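Colleague: Could you take me through the packing and the enclosed space in this model, with the cut-offs behind each term?

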Amino acid sequence: MTPAARIQAAIEILDQIVAGEPAEKALTSWARSARYAGSKDRAAIRDHVFDVLRQKLSCAAIGGGLNGRALMIGSLTQAGTDLDSVFTGEGHAPSSLADDERPDAPALNVAETWDIPEWLLPLWQSSLGDKAAEVAEIQRHRAPVFLRANLRRTTTEEAIMALAAHEITAQPHPLSPSAIEVTGNARRIKQAPAYLTGEVELQDAASQALVDALPLADARKVLDYCAGGGGKTLAMAALSSATMYAHDANPRRMKDLPDRAERAGIAVRLLKTNELKENGLFDLVLCDAPCSGSGSWRRAPEGKWRLTPGVLDEVTGIQAQILEDAAPLVVSGGALAYATCSVLSVENQDQIEAFLSARPDWTLETERSFTPLDGGDGFFVAVLRKS
């Protein structure tokens, strides 16, 4: 495919997304119908689509509309691309620009400049203070690719050397001793021997730093209460000799965890909800709660535009219920860790304040916030101690 044909494909996919189709589904459907497209074509088209989704408001304002063509015009204009070299109408390229399609450098408001939903601006600003504009700007661009070195099997330096043997360039990242930032050939990771043998796992650097902040040293029994795919379960197990347990309200989310744990050389016991109490109390319970995902919108930008005040209220209610349900699972003197991949105070500090105000037998031991300015995604973690 020519570069212009890839852009036309991205326009068609964006039209489906604007109509309500999830981005991943739209991309997959297009790929299945376009067998002629190679892996490089699919990767380039995906990049175009996600570049637009990260900057949807500004692309729409500059391009003059919310359809795929207008959004792509806005994106290419912001990237400094000569539109007439793309919109030629030749072959499979987009048709030539009409006079009224040519961008006229409109004045953007704050929401459009930051690419943050207008309703969310006050909360975004109050949560991030003087970092609000910088964090919003970072979220408009592609995220780095990070790996976690499985310190049970290798060192960070050895893992980087193993990746280099597969022509993947990488370097240590200061957020965590296990964090590796991939600087070249990231799309080869899942074929690399170091990945296939469990020496490295895909995991954001701030997510790894969050695990580093947990009181794992003296824990004998650790429960990942909202385990999902199990990334933090495996990260905790790599740093601890504790017996590891994983639970999720939807057990299907953990379907790949046994294979991942075996590959990493780690034993993890999966628990259903009705099995939690019969396994006794835990020294550490991690609640990596469902959230807005506002700290990782550069990786999953659709979430930025699907979030509404009602959805946020629903999510914070779920978070509060998770804390309430998990607290009785902690042994006296044990720790309850609460984490989100959000930068919004209503999901972070406000949840901890509400929990502690109703429970005088709990105290806040540590609390830390990460933003994309630290290099990784935005995360929050608080460690609560049961007296």
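Colleague: Which elements each supply at least two residues of the lining of the largest cavity?

Modeller: This is a predicted model, in which local features need pLDDT of at least 70 and side-chain atom pairs count only at pLDDT 80 or more, while totals for chains, interfaces and linings use all residues. Residues are numbered from 1 along each chain as its sequence is written, and side-chain values use heavy atoms, leaving out hydrogens and water. A cavity is a set of points on a 1 Å grid over the protein atoms alone where a 1.4 Å probe fits but cannot get out, and lining residues have an atom within 4 Å of a point. With helices (H or I, at least four residues) and strands (E, at least two) taken as DSSP runs numbered from the N terminus, the elements are strand E1 (145–149), H11 and H12.

Colleague: Which element gives the largest share of the largest nonpolar core?

Modeller: Such a core joins buried (under 20% relative accessible area, 1.4 Å probe, protein chains only) Ala, Val, Leu, Ile, Met, Phe, Trp, Tyr and Cys residues through side-chain atoms within 4.5 Å. The largest one has 36 residues, with Leu214 and Phe370 among those having the most contacts inside it. Helix H11 (205–212) and helix H12 (231–239) are among the elements that each supply at least two of its residues, and the largest share, five residues, comes from H11.

Colleague: What is the volume of the largest cavity?

Modeller: The structure holds one cavity of 30 Å³ or more, and Val211 and Leu239 are among the residues lining the largest cavity. Taking volume as the space filled by probe spheres set on the grid points, which are joined across faces, edges and corners, the value is about 40 Å³.

Conventions. Buried < 20%, exposed > 50% of the residue type's maximum accessible area, 1.4 Å probe, protein only. 1 Å grid on protein atoms, 1.4 Å probe; cavity = no way out; pocket = protein on both sides within 12 Å on 5 of 7 lines; lining within 4 Å.
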